[in-house]
Amino acid sequence: MSSLQVCAACGDKLHELDPRARCDCGGLLEVRHDPPPVTGAALRERFDARMGSLDPLDRSGVWRFRELVLPSAADQVVSHPEGNTPLLARAPIADWTGIAGLRLKHEGHNPTGSFKDRGMTVGVTQARRIGSRAVACASTGNTAAALAAYGAQAGLPVLVFVPTGQVALGKLAQSLAYGAKTLLVRGDFDACLRLVQQVADELGVYLLNSINPFRVEGQKTIVLELLQQCGWRVPDWIAFPAGNLGNTAAFGKALAEARVLGLIDRLPRLAAIQAAGAAPFALGFQEGFARRHRVTAETVATAIKIGDPASWDRAVRSIRETNGVVATVTDAEILEAKAIVDAAGVGCEPASAASVAGVKALRARGIIAPEADVVAVLTGHVLKDPGALLSYHRETEPAPAHANRPIEIEPTVAAVAAVFGRS
Ligand code: F0G
């Protein structure tokens, strides 16, 4: 089996190993694979059988679905492994949203703590296949952490471009730890993305932002794996935070392909959730996507602080094809949702909590029915952003409703008893 890259704008076809980040016409590329030898129930059984296998490729939650990811790469894969993230049901979180059947697909359980590992195992595998001399990305932090780790594993030099002063501490620490050349750009994420595209073109470095079509192939497996965990029964809704729109694009592609191949017989509706201060895609949705919007982004959820998302056209298609919605939530709603998710013992970073806040908001607006079967994707780990956490619990005045203030005491039993009595 092999694959092709097809330009979504002009239809030009590029070889699977062509290193260009975009088509020469400027359009985004899309990967298409030869159809797998089996479809429908037989393909489901093949994927399910691999869950009990000891083969390292089968044990990756990305490469288990390799016929739909990158079938011809099997012997060159750079895998941690990744994926195999849990699908959780937690009553306090479900109750808070008003959706009893809510489940959480926790992508923070990936090796570098976010869903980005799913795209990077494929992107870095491809970088190695085409003989790249170095790899690069712009990032709000998680993409950089994932590329730094997978690039290190592949022995490739890594260049990451992040907006100075706007990256959560855990993510910045990871990029440094994994040895990436970390460039703190005086500008926002959108400026970083423009710069890295120029650098990739002019310096011949392989670009691994989510406009890279091989990353999209890896990120599709969030949806494939969650469908598999649902016994291939399709939920009514999948909700997730949306920034640069890579996931929005990947989820729509995964679902369309899953239906064509008979893995599923209907589509869930997608709910892409943006922070109110970084919501160009939600603006577009309100106008039926009549035109592309760009904004100057501002939100506490730094992962999705993006004003000019790159995968706009692909994401529009995903929303249209799934009868999806794009909604916004305020920073206060994000922080409250995060406090609920954290206090349930689950934990996630601020951007991830946007999906849970979005489910509650869409329930309140009557768009999601109370009995609906909903999966919300938690995209990143609670330790990614300790700064936002400590500020909420320790520093915000007056204390937010769910703040858990630390208490400093003298080293005496009496002091403990006084605190204990109080609670
Ligand atoms: N959640 C988290 C934790 C993220 O890191 C990102 C994106 C998103 C959601 C949004 O996903 O861009 O596919 O719409 N982070 C990118 C980065 C931009 O550089 O790490 P998207």
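This section describes a six-stranded sheet, the helices packed on it, helix α1, the internal cavities and the surroundings of Ser 210 in a predicted model.

The six strands form an open sheet in the order β4-β5-β13-β10-β11-β12, and their pairing is mixed. The edge positions are taken by β4 (87–88) and β12 (325–329); each has a single partner strand, so one side of each is left without a neighbour in the sheet. At the β12 edge, β12 pairs with β11 (residues 269–275) in the parallel sense, over five bridges. One residue pair joined in this way is Ala 275 with Val 329, the latter lying in β12.

Two helices that pack on the sheet are α8 and α9. Helix α8 (residues 213–229) touches β4, β5 (102–106), β10 (237–241) and β13 (374–378), and its direction makes about 130 degrees with that of β5. Helix α9 (residues 246–260) touches β10, β11 and β13. The angle between the directions of α9 and β11 is about 175 degrees.

Helix α1 (residues 40–50) has buried residues at Gly 40, Leu 43, Phe 47 and Arg 50. These residues cover an arc of only 100 degrees around the axis, which puts them on the same side of α1. Glu 45 and Ala 49 are exposed and are carried by the face of α1 turned away from its buried side. The cover over the buried residues of α1 includes α2 (56–59) as well as α8, the latter being one of the helices that pack on the sheet.

The structure contains two cavities of 30 Å³ or more. The largest cavity holds about 320 Å³ of space. Its lining consists of 29 residues, and those nearest the centre are Phe 115, Lys 116, Asn 244, Ala 303 and Ile 306. Two or more lining residues are given by each of α5 (142–154), α8, β10, α9 and α13 (350–364). The largest share, three residues, comes from α9.

Ser 210 is located in the loop between β9 (206–207) and α8. Its relative accessibility is 6%, and Ser 210 therefore counts as buried, the cut-off being under 20%. With residues up to four places away in sequence not counted, Ser 210 touches Arg 215, Val 216, Asn 244, Gly 246, Ser 311 and Arg 314. Among these contacts of Ser 210, Asn 244 is also one of the residues nearest the centre of the largest cavity.

How values were computed: Residues are numbered from 1 along each chain as its sequence is written. This is a predicted model: local features need pLDDT of at least 70, side-chain atom pairs count only at pLDDT 80 or more; totals for chains, interfaces and linings use all residues. Side-chain values use heavy atoms; hydrogens and water are left out. Two strands pair if DSSP finds at least two bridges between them. Helices (H or I, at least four residues) and strands (E, at least two) are DSSP runs, numbered from the N terminus. Contact means heavy atoms within 4.5 Å. Axes are lines fitted to C-alpha atoms, for helices over the stretch in contact, and angles run from 0 to 180 degrees between N-to-C directions. Buried means under 20% relative accessible area, exposed over 50%, partly exposed in between (1.4 Å probe, protein chains only). The arc is that of the directions from the helix axis to the C-beta atoms. On a 1 Å grid over the protein atoms alone, a cavity is a set of points where a 1.4 Å probe fits but cannot get out, and a pocket is an open set with protein on both sides within 12 Å along at least five of seven lines; lining residues have an atom within 4 Å of a point. Grid points are joined across faces, edges and corners, and a volume is the space filled by probe spheres set on the points.
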